[in-house]
Amino acid sequence: MDGTALILVELGAVFLGLGLLGRLAARVGMSPVPLYLLGGLLFGSGGMVNLAGISEFGEIASEIGVILLLLMLGLEYTARELVTGLKGAWLAGIVDLVLNFTPGAGLALLMGWGFPGALVLGGVTYVSSSGIIAKVLSDLGRLGNRETPVVLSILVLEDLAMAIYLPVLTATLAGLSFLGGLRAVGIALGTITLVLLAALRFGPQISRLIHSSDRENFLLKLIGAALLVAGLASALQVSAAVGAFMLGIAISGSTAHSATKILEPLRDLFAAMFFVVFGLNTDPTTIPAVLPMAVLLAVVTSLTKVATGVWAARRAGIGVPGRIRAGLALIARGEFSIVIAGLAVASGAVTGELAALATAYVLLLAVLGPVAARLAEPLSRPFLSKAAPEPDTAF
Amino acid sequence: MNFEDTSLPGLGVRREITLASGRRVGVVILRDGTMQLIISQREDPDACAAAIPLSTEEAGAIGAMLGAPQLVTQLSDQHRDLPGVNTQQFVLSHESPYVNQTLGDTHLRTRTGVSVVAISRSGSVFPSPSPGFELNAGDVLVIVGTSAGLENAAHLINDG
């Protein structure tokens, strides 16, 4: 087979395989992310089959996958929600950061992976998966619960923190000097403020600029704008993903809604590619060695996430059962932990062991997080109050 | 009575009222426009005993169902001293020929002598609707008139 034919066959096999895995995931009601990772592990370097042909396409595709993931994340939030979230929940955000960044960073330092390693692993353990958690809350019928806004506002802050964290990470991984790093952070902070202000003030105008009633036209403008902004951000050393995130925040209202609809299939395709490529680049034979460490880290950071949720819910005046629900809901880690680890691996500035650890860690918590969230009801039963009988009731 | 709105960042908004019994009853309105009817649990007021997905139509029907009786009771109270005047509510069904027509097109007043004093739709009440008011399926028409007039009006609304 010549080069192109081989690439097409390999790509086709990969997507078909992912489709089957995704179906399996949907059947058992779990996030497909861990299965995509597993798929990548099986077929990568050191895995069962070596798919060398698609590596070049895979690199670009996974880069676009990250950009689309962040663009869609930005589209989910309006600037107003972010600003209100920042005002209302900043303290919870700080508690979350301190409790959950520290274990990862500490372990990396203990392992002698240096400052960049600590920054990476801290980020991996810090950020919960807003995708998995929003799905679990909705599946469990908890959207109307009082603790749900508390959980969601913590997720908002984490996502917003990514806008500062990713440029810092990019600068550190690129080996920039302290001043260079400071410049990147300055640019990032400046852009975030500008984008938030612009989105609050001129949201409808920006949206109108992008919007088009013609699907094809709209899609091309969206993707064009996203790649352009991402590329410029990358040239400024601010991280391509953050540029896309900012663009997503700036687009609001019905434009954001229709953009989400149009982009969803593309995001699914390229993000799946991203997870696979990350798995491909991780040598599965390195996983068993780091597994005990991953389990330890998962246990510790599950406890710290529970503590975060319990603390934040308690502060919001939620009862004990609600606190337990909030804490357990936050455990799941997923796509963004892999985005962080992926950036680190792509830069070549961290050891392969760290990538293996991050993979094992996310595999554990992306699967166990939703399970833990479901444990909340049985666990909180003893704390339910015996309410006085109400004449009206069937519940 | 005030709705309490709570933002659900990234998902939508929760809108609810707290009943005299302490229960929260309301809706979660998601970004894509779908709704869930929520009712809080008794043992754990933070949690929900039910979260029921509703289509826009179903939500409108429930809103009209809950909103109209109050209006009718109020109007009936006001008419108590006027013998022979009754208030009644009619739901505009899908099959009605007047769906997507204006209120004026029905010629209700000319043909039956009754008056449409209010229309309740999706929980909101439109008092004294003008002849140009466009009718939708599921609208609840609150009508004042004599018993005979109301009976005729019922036929007219359903069958034209």
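What share of the 395 residues of chain A count as buried? The figure is 52%. Keep in mind as we go that this is a predicted model, so let me start with how confident the predictor is.

Chain A has an average pLDDT of 84, and 94% of its residues reach at least 70. The weak spot is helix H8, residues 178-210 of chain A, where the mean drops to 78, the lowest in the chain. At the other end we have helix H12, residues 287-315 of chain A, with the highest value, 93. And the usual reminder: where pLDDT is low, the predicted coordinates should not be read in detail.

Okay, the overall fold. Chain A has 15 helices and zero strands. Its radius of gyration is 21 Å, close to the 21 Å that the globule rule gives for 395 residues, so chain A is as compact as a globular protein of that length. If you lay the C-alpha trace of chain A along its principal axes, you get a span of about 75 × 55 × 45 Å.

Now contacts. Take those in chain A with a separation of 6 or more: 84% of them are between residues 24 or more positions apart. For one long-range pair, look at Val33(A) and Val362(A). They sit 329 residues apart in sequence, yet their C-alpha atoms are 9.1 Å apart in space. Val33(A) belongs to helix H2, residues 33-43 of chain A. Is Val33(A) buried or exposed? It counts as buried, because its relative accessibility is 9% and the cut-off for buried is under 20%.

On to the surface. Chain A has an accessible surface of about 17200 Å², and carbon and sulfur atoms hold 70% of that. There's a nonpolar patch to point out as well, about 380 Å², built from Trp90(A), Ile94(A), Leu97(A) and Val98(A). Ile94(A) lies in helix H4, residues 79-110 of chain A, and with a relative accessible area of 42% it is partly exposed.

Let's turn to charges. Side chains of opposite charge can pair when their charged atoms come close. Over all chains, the search turns up 13 salt bridges. In chain A, Asp96(A), Glu158(A) and Lys305(A) are tied together in a salt-bridge network. Another bridge in chain A joins sequence neighbours Arg267(A) and Asp268(A), at 3.1 Å from N to O. What I like here is the accessibility: Arg267(A) counts as buried at 18%, whereas Asp268(A) is partly exposed at 42%.

Chain B has salt bridges too. Arg15(B) pairs with Asp5(B), with the closest N and O atoms 2.8 Å apart. That pair links distant parts of the chain: Arg15(B) is in strand S2, residues 12-18 of chain B, and Asp5(B) is in strand S1, residues 4-8 of chain B, ten residues away. As for accessibility, Arg15(B) is partly exposed at 30%, and Asp5(B) is partly exposed at 43%.

Then there's Glu16(B) with Arg14(B), whose side chains meet in a salt bridge at 3.2 Å, N to O. Are those two buried or exposed? Both Glu16(B) and Arg14(B) are buried.

So, to recap: chain A has 15 helices and zero strands, 52% of its residues count as buried, and helix H8 of chain A is where confidence is lowest. That's it from me.

Conventions: Residues numbered from 1 in each chain as written. Chains lettered and ligands numbered in written order. Predicted model: local features only at pLDDT ≥ 70, side-chain atom pairs only at ≥ 80, totals over all residues. Heavy atoms only, no water. Patch = residues over 30% accessible without salt bridge, like charges linked within 9 Å, V, L, I, M, F, W, Y side chains within 5 Å. Areas by Shrake-Rupley, 256 points an atom, 1.4 Å probe, with all protein chains shown as cover. Salt bridge = Lys/Arg side-chain N within 4 Å of Asp/Glu carboxyl O. Helix = DSSP H or I, 4+ residues; strand = E, 2+ residues; numbered from the N terminus. Buried < 20%, exposed > 50% of the residue type's maximum accessible area, 1.4 Å probe, protein only. pLDDT = per-residue confidence, 0-100. Rg over C-alpha atoms; globule rule 2.2 N^0.38 Å. Contact = heavy atoms within 4.5 Å.
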